[in-house]
Amino acid sequence: MDAVANALESYRGRDRLVRTVCYSSRLLGGLLLAQEGGCPELGRRLLLIAQELSNCRATLRLFDDLSMFLYSRGYGLGGTEEDMIVRLLFIMGNLVDQLYYPCEHLAWAADYKILSINAEKWWTLSNTLWTLSLALGALRSFRVVQLLKKKLKGSQNNVHLRMGEANCVSRQAYQTRMRAEILNIITCLADLTNAIHWMPPGFLWAGKFPEWLVGLMGTVSSVISLYQMSCGSCSTKDP
């Protein structure tokens, strides 16, 4: 209970908990609607809860531009990054994420008739940017895992030469980082399946997922994000 209360005290923690409830409601609601002789009315209510929670998160993201800008500025051109590929993927990801927010704000404003523009066009653009961001995030983590494997292999080859405590700590740090990156790959791929589902019809499997599958993919990524946050290793941005 204390952990939940502490998470609710922070914006990111609250957002991840709301996201988990949102997709869990979508999963349960979709299953109830898909089952014959189930509880369709309860399923529809759960899907309504999921939709309202999603709208709530979109409204709160109206204030995320500055934090995203500060995050991108802090990383800069990645001068401390050892690998050029990881650096480029990071920079591209930050740029795409920075563009995502204003596009989503315009789509939100169009939905609520604040601006007289085509909402569907801007939702499609923001979803395209999210899809690209997730793909870049997965590629970046995959590249980091490859580099860590090489470092672990090199450390293992030198283990007979130096069995000191520093070497053991270094190996543990590599293994912990590798687990975090593998979890990030799973998170990005789970969200990527949903992002493609929300693309315009005709693109891969766009529009072909049942509600329960959308909820399942979102729940998987949300639970992993909660775990990463509890471990203090979460640095991803997840619309």
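**Group meeting: walking through an all-helix model**

Let's begin with Leu-204, which is exposed, at a relative accessible area of 53%. I should say right away that this is a predicted model. Leu-204 sits in the loop between α7 (165-197) and α8 (211-231), and its phi is positive, about 50 degrees, even though the residue isn't a glycine.

There's another residue like that. Lys-113 isn't a glycine either, yet its phi is positive at about 60 degrees. You'll find Lys-113 in the loop between α5 and α6. And is Lys-113 buried or exposed? It counts as exposed, because its relative accessibility is 71% and the cut-off for exposed is over 50%.

Okay, stepping back to the whole chain. How many helices and strands are there? Eight helices and zero strands, so if you read the elements from the N terminus on, you just get α-α-α-α-α-α-α-α. The chain has 239 residues, and 39% of them count as buried.

Let's take one helix, α2. At its start, a side-chain oxygen of Ser-10 comes to within 3.1 Å of the backbone nitrogen of Gly-13. Then there's the length check. α2 has 24 residues, so at 1.5 Å a residue it should span 34 Å, and its end C-alpha atoms are indeed 34 Å apart. The expected and modelled spans agree.

Now, the pocket. The largest pocket has a volume of about 740 Å³. It's lined by 26 residues, and those closest to its centre are Gln-51, Ser-54, Glu-104, Trp-123 and Trp-198. Which elements give two or more residues to that lining? They are α2 (11-34), α3 (40-60), α5 (84-111) and α6 (119-157). If you sort the lining by class, you get 13 nonpolar residues, seven polar and six charged.

On to the aromatics. The count of aromatic pairs comes to five. One of them is Tyr-75 with Phe-90, a stacked pair, with 4.5 Å centre to centre and 25 degrees between the planes. Why does that pair tie together separate parts of the chain? Because Tyr-75 is in helix α4 (residues 65-75) and Phe-90 is in helix α5, so the parts being joined are 15 residues apart in sequence. Both Tyr-75 and Phe-90 are buried.

Another pair is Trp-205 with Phe-209, also stacked, at 6.2 Å centre to centre and 5 degrees between the planes. Trp-205 has a relative accessibility of 30%, so it counts as partly exposed. That value falls between the cut-offs, since buried means under 20% and exposed means over 50%.

Last stop is Asn-194, in helix α7. Buried or exposed? Asn-194 is buried, with a relative accessible area of 0%. Asn-194 and Val-214 are 20 residues apart along the chain, and their C-alpha atoms are separated by 6.0 Å.

So, if you have the model open, here are the places to click through. Start with the two positive-phi residues, Lys-113 and Leu-204. Then look at the stacked pair of Tyr-75 and Phe-90, and go on to Gln-51 and Trp-123, which are among the residues closest to the centre of the largest pocket. Finish on Asn-194 in α7. That's it from me.

Key. Residues numbered from 1 in each chain as written. Predicted model: local features only at pLDDT ≥ 70, side-chain atom pairs only at ≥ 80, totals over all residues. Heavy atoms only, no water. 1 Å grid on protein atoms, 1.4 Å probe; cavity = no way out; pocket = protein on both sides within 12 Å on 5 of 7 lines; lining within 4 Å. Points joined across faces, edges and corners; volume = space filled by probe spheres on them. Helix = DSSP H or I, 4+ residues; strand = E, 2+ residues; numbered from the N terminus. Nonpolar A, V, L, I, M, F, W, Y, C, P; charged D, E, K, R; others polar. Expected span 1.5 Å × (residues − 1). Polar contact = N/O pair within 3.5 Å; in protein donor to acceptor, adjacent residues only side chain to side chain. Phe/Tyr/Trp six-rings, centres within 6.5 Å; stacked < 30°, edge-to-face > 60°. Buried < 20%, exposed > 50% of the residue type's maximum accessible area, 1.4 Å probe, protein only.
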